[in-house]
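Student: I keep meeting labels such as "buried" and "disulfide". Can we test them one by one?

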Amino acid sequence: MHAPVTTRFTALRPCLRLWQATALVAGLVGLSGLSGCGYTDSRAAHRAQMTMIGMNSTDVQSCVGIPDKTKKISDTVQIFEYSRTLNIPSTNDSTLIPLQSVVNLTETTLGGAGKTCIADIRFENDRVTQVHYSGDDDEMMGTDGVCSIVTRGCVRQPLASMRHVKKGVFGPVSAFHSPRLEPQPATPPTPDTPAPASAK
């Protein structure tokens with residue numbers, strides 16, 4: 001004789017709880033891994049915004065590379081622009097755990113699916129005064145994380161012309177916002193050339 005449905009369901013309840021707990025732990029581990037990478041990348045990108053101040057253009061090109069674009073603003077000011085795209089391999093869904101679906105749902109809900117960074121480095125008198133990031137550059141945790149691919153060569157192997165910035169969790173670098181810019185001295189305006197006097 002068959003056992004009642006309620007009896008069979010009660011017997012399966014511990015198995016269901018174990019499966020649910022396993023799925024929850026797997027999901028949390030996966031998400032913490034994804035968010036941890038974003039946190040580290042964001043801190044590296046923001047750290048570069050502080051350590052690169054004062055570098056000359058030759059040192060910047062040696063650790064970041066040849067710029068994609070350059071713009072001369074004046075005789076003393078120029079901008080190097082770097083554009084990089086992050087290559088993110090997609091994960092395949094398995095029959096047991098739909099990992100790519102979970103990643104897509106998480107990115108849709110929490111944001112942070114950025115893949116492109118545009119880094120503009122400003123030089124005054126051949127010294128870096130500002131590093132700015134733009135583009136779709138946020139990862140799941142933190143801001144500007146994708147931009148670490150632009151400046152990671154400088155951060156991983158610092159040059160002598162770079163500033164020292166304290167490392168560690170309690171350092172001045174945040175994963176959630178760019179560092180505060182130090183006030184720059186005002187660039188003196190270029191004197192206008194007087195118009196020639198008209199002959200009488």
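Tutor: We now set values against definitions.

Tutor: This is a predicted model: local features need pLDDT of at least 70, side-chain atom pairs count only at pLDDT 80 or more, and totals for chains, interfaces and linings use all residues. Residues are numbered from 1 along each chain as its sequence is written, and side-chain values use heavy atoms, with hydrogens and water left out.

Student: How many helices and strands does the chain have?

Tutor: Four helices and four strands. Helices are DSSP runs of H or I with at least four residues, strands are runs of E with at least two, and both are numbered from the N terminus. Along the sequence the pattern reads α-α-β-β-α-β-β-α.

Student: What makes β3 and β4 a pair?

Tutor: Two strands pair if DSSP finds at least two bridges between them. β3 and β4 have seven bridges, in the antiparallel sense, so they pair. One bridge sets isoleucine 121 against valine 131 in β4.

Student: Which other strands pair, and over how many bridges?

Tutor: β2 and β3 run antiparallel with nine bridges. There, tyrosine 82 stands opposite alanine 119 in β3. β1 and β2 are also antiparallel, with four bridges. Threonine 70 faces phenylalanine 80 of β2.

Student: What order do the strands take in the sheet?

Tutor: The order is β1-β2-β3-β4, in an open sheet with antiparallel pairing. β1 (69-72) and β4 are called edge strands because each pairs on one side only. α4 lies across β2, β3 and β4, at about 110 degrees to β2. For that angle, axes are lines fitted to C-alpha atoms, for helices over the stretch in contact, and angles run from 0 to 180 degrees between N-to-C directions.

Student: What is special about phi in asparagine 125?

Tutor: Its phi is positive, about 55 degrees, although asparagine 125 is not a glycine. Most residues other than glycine have a negative phi. Asparagine 125 sits in the loop between β3 (116-124) and β4 (127-134). Aspartate 126 lies in that loop too, and its phi is near 65 degrees, again positive. β3 and β4 form a hairpin with two residues between them.

Student: Why is asparagine 125 called exposed, and aspartate 126 partly exposed?

Tutor: Buried means under 20% relative accessible area, exposed means over 50%, and partly exposed is in between (1.4 Å probe, protein chains only). Asparagine 125 has 57%, so it counts as exposed. Aspartate 126 has 33%, so it counts as partly exposed.

Student: How much of the chain is buried?

Tutor: Buried residues make up 30% of the 200 residues.

Student: What makes a group of residues a nonpolar core?

Tutor: The set must be buried Ala, Val, Leu, Ile, Met, Phe, Trp, Tyr and Cys residues, joined through side-chain atoms within 4.5 Å. The largest one here has 24 residues, and Met52, Val60 and Ile121 have the most contacts inside it. α1 (5-51), α2 (57-63), β2 (77-85), β3, β4 and α4 (148-156) each supply at least two of its residues.

Student: Which residues does valine 60 touch?

Tutor: Contact means heavy atoms within 4.5 Å. Leaving out residues up to four places away in sequence, valine 60 touches Met52, Met55, Gly65, Phe80, Tyr82, Ile121, Phe123 and Val128.

Student: How do you know that cysteine 63 and cysteine 154 form a disulfide?

Tutor: A disulfide is a pair of cysteine sulfur atoms within 2.5 Å. Here S to S is 1.8 Å, so the pair qualifies. Cysteine 63 is in helix α2 and cysteine 154 in helix α4, so the link ties together parts 91 residues apart in sequence. Both cysteines, 63 and 154, are buried.

Student: What about cysteine 117 and cysteine 147?

Tutor: Their S to S value is 2.0 Å, so this pair also meets the rule. Cysteine 117 is in strand β3, and cysteine 147 is in the loop between β4 and α4, 30 residues apart. Cysteine 117 has a relative accessible area of 0%, so it is buried. Cysteine 147, at 0% too, counts as buried.

Student: How many disulfides does the rule give, and what is the pairing?

Tutor: The count comes to two. With the bonded cysteines numbered in sequence order, the pairing is 1-4, 2-3.
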